[in-house]
Amino acid sequence: MDEVLIERPGPGIVLLRLNRPDARNALNQEVRQQLATHFTAFGQDPDVRCIVLTGGDKFFAAGADIRAMADAGAIDMMLRHTHRLWQAIASCPKPVIAAVTGYAWGGGCELAMHADIIVAGESASFCQPEVKVGIMPGAGGTQRLTRAVGKFKAMKMVLTGQPVSARDALEMGLASEVVADADVQAHALELAAQIAALPPLAIAQIKEVLIAGQDASLETALMLERKAFQLLFASRDQKEGMQAFLEKRKANFEGR
């Protein structure tokens with residue numbers, strides 16, 4: 001059974017669905033490998049303009065598979081090179097939307113934080129509970145979380161292992177928006193369709209500069225933004241977009 005299902009709900013959109021319902025979509029090595037393979041492939045596919053990542057109605061992903069690591073040693077964990085699989089998601093040049101209902105705990109919370117936009121259902125719950133089993137987050141749960149919500153809120157989450165609700169996550173900056181559970185996937189796909197209709201080169205430059213600029217000085221980040229802005233004037237899509245605006249018609253963006 002494929003543990004990550006692929007759907008194509010609309011032009012330029014790929015939906016990846018975690019498919020381990022009996023294990024609450026726990027992230028074992030096979031799931032991580034399949035995610036890495038898919039994100040690498042779709043990141044390079046010119047026909048794909050946006051990726052939506054989702055899980056089940058009650059569980060986005062309930063964390064890492066504890067059974068797969070309970071008896072592992074430090075060298076075993078190192079030799080799994082799990083960070084390389086996560087990096088395939090982090091380095092994906094296409095916009096990624098996480099559609100989250102139910103539990104996004106542990107590795108599930110870290111997976112959601114790899115996305116560029118998080119659409120959370122009212123039932124969504126975000127948590128880094130690793131401390132309760134004697135370890136700590138190992139796939140960005142201390143670093144991405146701090147960058148998203150700040151030191152003090154992140155410290156409370158990782159030091160106590162307490163979950164936060166969707167509404168609290170939104171207030172903290174850990175979610176882009178909260179909608180009814182029944183509307184999560186449809187709303188995520190609506191956002192994906194909006195993004196897929198926009199110029200791919202501009203979208204790619206926006207994502208790249210925004211992420212790179214986070215860890216740079218303001219002066220350096222502004223330089224990156226300025227150069228990317230200037231570069232886009234070499235694209236056909238810039239000419240098409242501005243001409244369409246002047247002619248009051250819908251633009252046809254080709255990614256060139």
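**Close-up views of a predicted model**

**Figure 1. A salt bridge joins the side chains of arginine 20 and glutamate 3, with 3.2 Å from N to O.** Arginine 20 belongs to the loop between strand E2 (13-18) and H1, whereas glutamate 3 sits in the segment before strand E1 (4-10), so the pair ties together parts that are 17 residues apart in sequence. Both arginine 20 and glutamate 3 are buried. The structure shown here and in the following views is a predicted model, and a search of the whole structure finds seven salt bridges, the count to which this pair belongs.

**Figure 2. Arginine 147 and aspartate 215 meet through their side chains in a salt bridge of 3.3 Å, N to O.** Because arginine 147 lies in helix H5 and aspartate 215 in the loop between helix H9 (200-214) and helix H10 (218-231), the pair ties together parts that are 68 residues apart in sequence. Arginine 147 is exposed, its relative accessible area being 52%, and aspartate 215 is likewise exposed, with a value of 59%.

**Figure 3. Glu240, Glu247 and Arg249 are linked in a network of salt bridges.** Within this network, the side chains of arginine 249 and glutamate 240 meet at 2.8 Å, N to O. Arginine 249 counts as partly exposed, at 37% relative accessibility, while glutamate 240 has a relative accessible area of 19% and is therefore buried, the limit for that class being under 20%.

**Figure 4. Histidine 38 is a buried residue of helix H1 (residues 29-44).** The relative accessible area of histidine 38 is 16%. When its neighbours within four places in sequence are left aside, histidine 38 is in contact with Val4, Ile6, Leu16 and Gly43. Of these partners, Val4 and Ile6 fall within the residue range of strand E1 (4-10), and Leu16 falls within that of strand E2 (13-18).

**Figure 5. Cysteine 109 and cysteine 127 are both buried, and their sulfurs are 7.6 Å apart.** A search of the whole structure finds zero disulfides. Cysteine 109 is accordingly in no disulfide, and the cysteine sulfur nearest to its own is that of cysteine 127. For cysteine 127, in turn, the closest cysteine sulfur is in cysteine 109, and the 7.6 Å between them is too far for a bond, because a disulfide requires the two sulfur atoms to be within 2.5 Å. Cysteine 109 has 0% relative accessibility, as does cysteine 127.

**Figure 6. Ile66, Val133 and Ile135 form a nonpolar patch on the surface.** Together, these three residues present about 260 Å² of accessible area. Valine 133 lies in the loop between strand E8 (125-127) and helix H5 (143-149), and with a relative accessible area of 53% it counts as exposed. Cysteine 127, from the preceding view, is the residue at which the range given for strand E8 ends, and helix H5 is the element that carries arginine 147.

**Figure 7. The whole chain, shown as context for the close-ups, has 11 helices and 10 strands.** Its radius of gyration is 19 Å, close to the 18 Å that the globule rule gives for 256 residues, so the chain is as compact as a globular protein of that length. Taken along the principal axes, the C-alpha atoms fill a box of roughly 65 × 45 × 35 Å, and 46% of the 256 residues count as buried. Among contacts between residues at least 6 apart in sequence, 65% join residues at least 24 apart. The accessible surface of the chain comes to about 14,000 Å², and carbon and sulfur atoms account for 57% of it.

Note on methods: Residues numbered from 1 in each chain as written. Predicted model: local features only at pLDDT ≥ 70, side-chain atom pairs only at ≥ 80, totals over all residues. Heavy atoms only, no water. Buried < 20%, exposed > 50% of the residue type's maximum accessible area, 1.4 Å probe, protein only. Patch = residues over 30% accessible without salt bridge, like charges linked within 9 Å, V, L, I, M, F, W, Y side chains within 5 Å. Areas by Shrake-Rupley, 256 points an atom, 1.4 Å probe, with all protein chains shown as cover. Salt bridge = Lys/Arg side-chain N within 4 Å of Asp/Glu carboxyl O. Helix = DSSP H or I, 4+ residues; strand = E, 2+ residues; numbered from the N terminus. Rg over C-alpha atoms; globule rule 2.2 N^0.38 Å. Contact = heavy atoms within 4.5 Å.
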